[in-house]
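Work through the exercises below with the sequence and the coordinates at hand. Each task is followed by a stepwise solution.

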Amino acid sequence: MDIDYYLIGQRIKEARKNKGYTQEKLAEEIDIAVTYLSRFEKGHPINLKRLAQISQVLDVSMEYLLSGTVPKSDNYLNKDFEEILETCSPEKLKLIYN
């Protein structure tokens with residue numbers, strides 16, 4: 001499984017905006033340059049230390065930033081099931097349904 005840094009960057013950006021933070025404020029909180037943060041949001045690789053810092057400051061889980069799922073929610077597996085079902089043949093879908 002490849003790591004999709006672009007999606008991670010989009011989730012960071014979304015979480016930052018939901019928190020009401022500018023790039024400048026978040027960069028200041030984790031003590032990095034704004035240009036460095038901008039690179040993460042554009043899909044450049046990010047290390048776990050920085051991801052953990054961003055996760056903590058923005059009050060989102062690392063799981064969410066990495067995979068888009070929120071294990072604490074009741075329906076966090078829906079996306080995974082949807083992806084699995086999309087690849088099933090009609091025969092397999094019928095078996096699952098029954």
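**Exercise 1.** Place Arg16 in the secondary structure, then decide whether Arg16 is buried or exposed.

Solution. Step 1: Arg16 belongs to helix 1, residues 5-19; helices are DSSP runs of H or I with at least four residues, numbered from the N terminus, and strands are E runs of at least two. Step 2: the relative accessible area of Arg16 is 6%, so the residue is buried. Buried stands for under 20%, exposed for over 50%, and partly exposed for the range in between, with a 1.4 Å probe and protein chains only. Step 3: beyond neighbours within four places in sequence, Arg16 is in contact with Tyr21, Thr22, Gln23, Leu26, Glu41 and Leu58, where contact requires heavy atoms within 4.5 Å.

The model is predicted: local features need pLDDT of at least 70, side-chain atom pairs count only at pLDDT 80 or more, and totals for chains, interfaces and linings use all residues. Numbering starts from 1 along each chain as its sequence is written, and side-chain values use heavy atoms, with hydrogens and water left out.

**Exercise 2.** How many salt bridges are there, and which residues form them?

Solution. Step 1: apply the criterion, a side-chain nitrogen of Lys or Arg within 4 Å of a carboxyl oxygen of Asp or Glu. The count is 3.

Step 2: Arg16 pairs with Glu41, with 2.6 Å between the closest N and O atoms. This pair links distant parts of the chain, helix 1 and helix 3 (residues 34-41), 25 residues apart. Glu41 has 4% relative accessibility and therefore counts as buried.

Step 3: Lys19 and Asp59 form a salt bridge at 2.6 Å, N to O. Lys19 is in helix 1 and Asp59 in the loop between helix 4 (48-58) and helix 5 (62-67), 40 residues apart. Lys19 is partly exposed at 33%, whereas Asp59 is exposed at 58%.

Step 4: Lys25 and Glu29 form a salt bridge at 3.6 Å, N to O. Both are in helix 2 (residues 23-29), 4 residues apart, about one turn of the helix. Lys25 is partly exposed at 38%, as is Glu29 at 42%.

**Exercise 3.** Which residues form the nonpolar patch on the surface, and which helix supplies its largest share?

Solution. Step 1: the members are Phe81, Ile84, Leu85, Leu93 and Ile96, with about 460 Å² of accessible area together. Step 2: helix 6 (78-87) and helix 7 (90-97) each supply at least two of the residues, and the largest share, 3 residues, comes from helix 6. Step 3: Leu85 is in helix 6 and is partly exposed at 37% relative accessibility.

Conventions
Patches are made of residues with over 30% relative accessible area and no salt bridge: like charges are joined within 9 Å, nonpolar side chains (Val, Leu, Ile, Met, Phe, Trp, Tyr) within 5 Å. Accessible areas come from the Shrake-Rupley method with a 1.4 Å probe; for residues, only the protein chains shown count as cover.
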